[in-house]
Amino acid sequence: MRAVIMHGPGDVRVEDVPTPELVEPTDAIIRVDAACICGSDLWPYRGISPVKRPSRMGHEYIGVVEQVGSEVRDIRVGDFVVGSFMASDNTCEICRAGYQSRCIHVVGMGSIGTQAEYARIPWADGTLVKVTGDITPERRRSLLAASDVLGTGWFAAVAAEAGPGKTVAVVGDGAVGLLGVLAASQLGAERIIAMSRHADRQALARRFG
Ligand SMILES: [Zn+2]
């Protein structure tokens, strides 16, 4: 299959690599429908963080399940799924406390690389969320944002105790900040202040609440 590999700052290539196979009985293999570029992909691209060796890229993804391991119970072949950027069992003490990104079995999906035709998803039942209904192009874009930036913005809004009667300030108008605005709005915050220097992002912030 083809996959995106970063060789160094500014040097990103699409190359042929082995197609992933099931390794653990809790794994799934998905055909990646869409993946996107995270702001954190840009740090090594711009040379801000080091690239020590050629590395697979991508940790935000949606796709269709092609295979599941023998211990996968909730996710089925053919399911359309959104996956988290951090694979987690969703059953351990840390997951149950709401910190799935620090699961005792966590696997950062960036180490696997989802900017590829296929991806192996560890802890499929804990990591993947099945989506039902029509997958329109517009919905596809929204679902892709749920893979990382929505969860991160939502977590921040919950941690800040955004809710009815509260005023919330969101510092920064990147994808996570904008979805922090959306999350605070959904959680019922009375007033949301977005700090932004970009007119187009300010328009989105207003739309999101
Ligand atoms: Zn866990």
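Q: Why does Glu161 count as exposed?
A: In this predicted model, the relative accessibility of Glu161 is 56%, and since the term exposed applies over 50%, the residue falls in that class. Glu161 is placed in the loop between α5 (149-159) and β11 (167-171).

Q: What makes the phi of Glu161 worth a remark?
A: The angle is near 60°, which is a positive value in a residue other than glycine. Trp123 also has a positive phi, near 50°, and is likewise a residue other than glycine.

Q: Why does Trp123 count as partly exposed?
A: Its relative accessibility is 25%, and buried would require a value under 20% while exposed would require one over 50%, so Trp123 belongs to the class in between. This residue lies in the loop between β9 and α3 (124-127).

Q: Why is Ile135 called partly exposed?
A: The relative accessible area of Ile135 is 22%, and because buried means under 20%, this value leaves the residue partly exposed. Ile135 sits in the loop between β10 (128-131) and α4 (137-145).

Q: How do you know that Ile135 touches Phe80?
A: A contact requires heavy atoms within 4.5 Å, and with residues up to four places away in sequence left out of the count, Ile135 touches Phe80, Arg140 and Leu143. Ile135 and Phe80 are 55 residues apart in sequence, while their C-alpha atoms are 8.7 Å apart in space.

Q: What makes the protein chain as compact as a globular protein of that length?
A: The secondary structure of the chain comes to seven helices and 12 strands. Its radius of gyration is 18 Å, and the globule rule gives 17 Å for 209 residues; the two values are close, and therefore the chain is as compact as a globular protein of that length. Taken along the principal axes, the box filled by the C-alpha atoms is roughly 50 × 40 × 35 Å. Of the contacts with a separation of 6 or more, 66% are between residues 24 or more positions apart, and buried residues make up 37% of the chain.

Q: Why is one side of β2 (11-16) and of β4 (55-56) left without a neighbour in the sheet?
A: The open sheet in question has three strands in the order β2-β1-β4, with antiparallel pairing. β2 and β4 stand at its edges, each with a single partner strand, so one side of each has no neighbour in the sheet.

Q: How do you know that strand β1 (residues 2-8) and β4 pair?
A: Two strands are taken to pair if there are at least two bridges between them, and β1 and β4 have two bridges, in the antiparallel sense, so the criterion is met. Ile5 has Arg56 as its bridge partner in β4.

Q: What makes strand β3 (residues 28-36) and strand β5 (residues 60-68) a pair?
A: Eight bridges join β3 and β5 in the antiparallel sense, whereas at least two are required. Among the facing residues, Ala35 has Tyr61 as its bridge partner in β5, and Cys36 stands opposite Glu60. β3 also pairs with strand β9 (residues 118-121), antiparallel and over four bridges, where Ile30 is partnered by Ala119.

Q: How do you know that β5 is joined to strand β6 (residues 80-83)?
A: Four bridges join these antiparallel strands, and at least two are needed for a pair. Gly63 stands opposite Val81 in β6.

Definitions and conventions:
Residues are numbered from 1 along each chain as its sequence is written. This is a predicted model: local features need pLDDT of at least 70, side-chain atom pairs count only at pLDDT 80 or more; totals for chains, interfaces and linings use all residues. Side-chain values use heavy atoms; hydrogens and water are left out. The radius of gyration is taken over C-alpha atoms; the globule rule is 2.2 Å times the number of residues to the power 0.38. Buried means under 20% relative accessible area, exposed over 50%, partly exposed in between (1.4 Å probe, protein chains only).
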